[in-house]
Amino acid sequence: MGKDGQSRRPGATLSLIQKVRGTRDFFGADEALFARVESAALAAFRRYGIRQVRTPIFEETSLFTRSIGEETDIVSKEMYTFADRKGRSLSLRPEGTAPVVRFLIEEKIQITDTLKVFYLGPMFRYDRPQAGRYRQFHQFGIEYFGAASAAADAEVIAVGRSLLAKLGIESRTRLLLNSVGCPACRPAYMEKLQSFLRARSAELCEDCRGRIDANPLRCLDCKREACAKTYEESPKISSTLCDACRRHDETLKELLADAGIAFAAADRLVRGLDYYVRTVFEFVTSDLGAQDAVIAGGRYDGLVKSLGGPDVPATGFAGGIERLIELLKLNAPASDAQVSAGDVYLVSADSPELRRKAFRLTERLRSEGFSSVLPLLDGKSFKSQFRAADKSGARAVVILGEAESEKGCVSVKNMSSGEQVEIAEPDLPRLLETMGVPRS
Ligand code: HAM
């Protein structure tokens with residue numbers, strides 16, 4: 001029996017275990033871009049006074065069916081749902097909004113002014129994998145609770161824009177904006193839409209035909225070409241908005257225009273989740289093919305109440321980290337050389353005594369805050385250690401040879417200027433600092 005519980009014939013070759021379809025590993029250049037997106041997001045969120053919340057990656061399945069909607073693709077086809085050992089139905093989170101709302105209600109979080117929170121982490125959807133679409137993907141998202149104003153929607157959109165600007169990819173995106181109305185005015189639109197859909201049902205795919213009665217708005221989100229073409233002639237929701245929704249939409253557009261945030265009205269943008277009212281928006285790109293939304297969200301005023309909480313208005317968005325990474329790569333093709341393993345590289349003569357000394361010195365540099373690398377293999381010549389140091393992208397190479405050691409000195413080579421100096425060991429941190437090597 002092998003460790004994995006499989007019985008094995010002696011001498012049989014092991015089959016290679018590969019990553020699960022639709023998942024990704026991040027390392028080297030990709031990991032550096034991932035970290036760049038994360039830190040740009042954290043910086044933008046800090047600027048807007050948004051606080052982090054971390055929720056579990058699995059929840060009771062009913063949290064998602066009741067919030068995202070039974071008729072949506074996410075709930076009807078894409079959830080990773082399983083029974084735990086006691087038979088409870090649990091699901092890996094397909095998105096972050098419902099878990100944040102669950103947290104807010106469960107912890108009875110008091111909302112006096114606007115509560116602004118963000119999250120960041122993996123989400124799971126069992127969709128057909130393709131470029132920009134994964135089964136485990138990563139989102140950052142923000143949620144504002146307590147503000148019914150158009151200004152809250154405008155600020156949420158501004159956060160998204162500021163993040164894209166910080167990453168230098170704003171010009172690769174366009175902001176699409178729509179209002180999907182509210183419980184007061186949407187029924188009138190649904191009726192109009194249903195009569196249109198019934199009249200044109202022969203042109204629609206099976207999924208859309210099945211949704212005409214149950215959830216006609218979802219039809220407009222269908223990505224099949226024939227359906228999308230038919231929907232170009234569907235009634236526009238803007239013609240049936242009530243006065244309050246119309247005013248909200250107009251105020252939002254004024255605020256965005258005042259802030260210099262360009263947008264395009266997208267009459268048939270409905271989004272793939274059921275909880276939205278009034279504002280929906282997407283930052284989309286033409287550079288990534290079919291999976292074009294990089295940051296998307298909207299207002300969901302009824303959700304907190306429908307999950308058993310107080311009647312609290314809410315608005316927010318989520319962004320897809322994998323898609324943003326692809327956009328960043330278009331700006332500057334990634335290369336592994338940009339990613340250094342450490343700022344300082346220690347090179348020592350291959351004697352047990354000097355290797356011990358190099359180990360001690362490297363630990364000292366690390367405790368002083370310098371990111372440092374020590375080759376951990378014995379028997380390496382100076383030449384091959386130097387070659388590795390050169391390739392590593394380090395800013396400085398510290399050389400510990402027999403001659404230096406006898407004098408209590410080290411040599412330091414500045415890798416950008418090529419200059420080399422010998423200094424007493426205790427002066428090393430100060431010299432690195434003057435060379436511009438950062439401490440963390
Ligand atoms: P969503 O549109 O389902 O909205 O997802 C938001 C973003 O996550 C998408 O625009 C895309 O960038 C990324 N994304 C979604 N699915 C995948 C996938 N399979 N692979 C890679 N990236 C993906 C939501 O999730 C809402 N919770 C947003 C929200 C927050 N609305 C209000 N607050």
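This briefing walks through the surroundings of the ligand and then the second largest pocket. The model you are looking at is predicted. In it, 25 residues surround the ligand, and the protein covers 95% of the 660 Å² of accessible area that the ligand has on its own.

**Who sits around the ligand**
- Glu95, Thr97, Arg125, Glu143 and Tyr276 come nearest among the 25 residues of the shell.
- By class, the shell holds twelve nonpolar, seven polar and six charged residues.

**Polar contacts to look for**
- The side chain of Tyr276 places a polar atom 2.7 Å from a nitrogen atom of the ligand.
- Glu143 has a side-chain N or O atom 2.8 Å from a nitrogen atom of the ligand.
- With Val294 it is the backbone that takes part: one of its N or O atoms lies 3.3 Å from an oxygen atom of the ligand.

**Strands in the ligand shell**
- Strands S6 (136-145), S10 (293-299) and S11 (314-320) are the elements that give two or more residues to the shell.
- S10 supplies the largest share, five residues.

**The second largest pocket**
- This pocket holds about 320 Å³ of space.
- Its lining is made of 21 residues, and Arg186, Asp274, Tyr275, Tyr276 and Val277 lie nearest the centre.
- Helices H2 (61-68), H6 (186-199), H8 (216-219) and H11 (303-306) each give two or more residues to the lining.
- H8 gives the most, with three residues.
- Sorted by class, the lining has twelve nonpolar, five polar and four charged residues.

Methods: Residues are numbered from 1 along each chain as its sequence is written. This is a predicted model: local features need pLDDT of at least 70, side-chain atom pairs count only at pLDDT 80 or more; totals for chains, interfaces and linings use all residues. Side-chain values use heavy atoms; hydrogens and water are left out. A residue is near a molecule or strand if one of its heavy atoms lies within 4 Å of it. A polar contact is a pair of N or O atoms within 3.5 Å; within protein, one must be able to donate a hydrogen and the other to accept it, and residues adjacent in sequence count only if both atoms are side-chain atoms. Accessible areas come from the Shrake-Rupley method with a 1.4 Å probe; for residues, only the protein chains shown count as cover. Helices (H or I, at least four residues) and strands (E, at least two) are DSSP runs, numbered from the N terminus. Ala, Val, Leu, Ile, Met, Phe, Trp, Tyr, Cys and Pro count as nonpolar, Asp, Glu, Lys and Arg as charged, and the others, Gly among them, as polar. On a 1 Å grid over the protein atoms alone, a cavity is a set of points where a 1.4 Å probe fits but cannot get out, and a pocket is an open set with protein on both sides within 12 Å along at least five of seven lines; lining residues have an atom within 4 Å of a point. Grid points are joined across faces, edges and corners, and a volume is the space filled by probe spheres set on the points.
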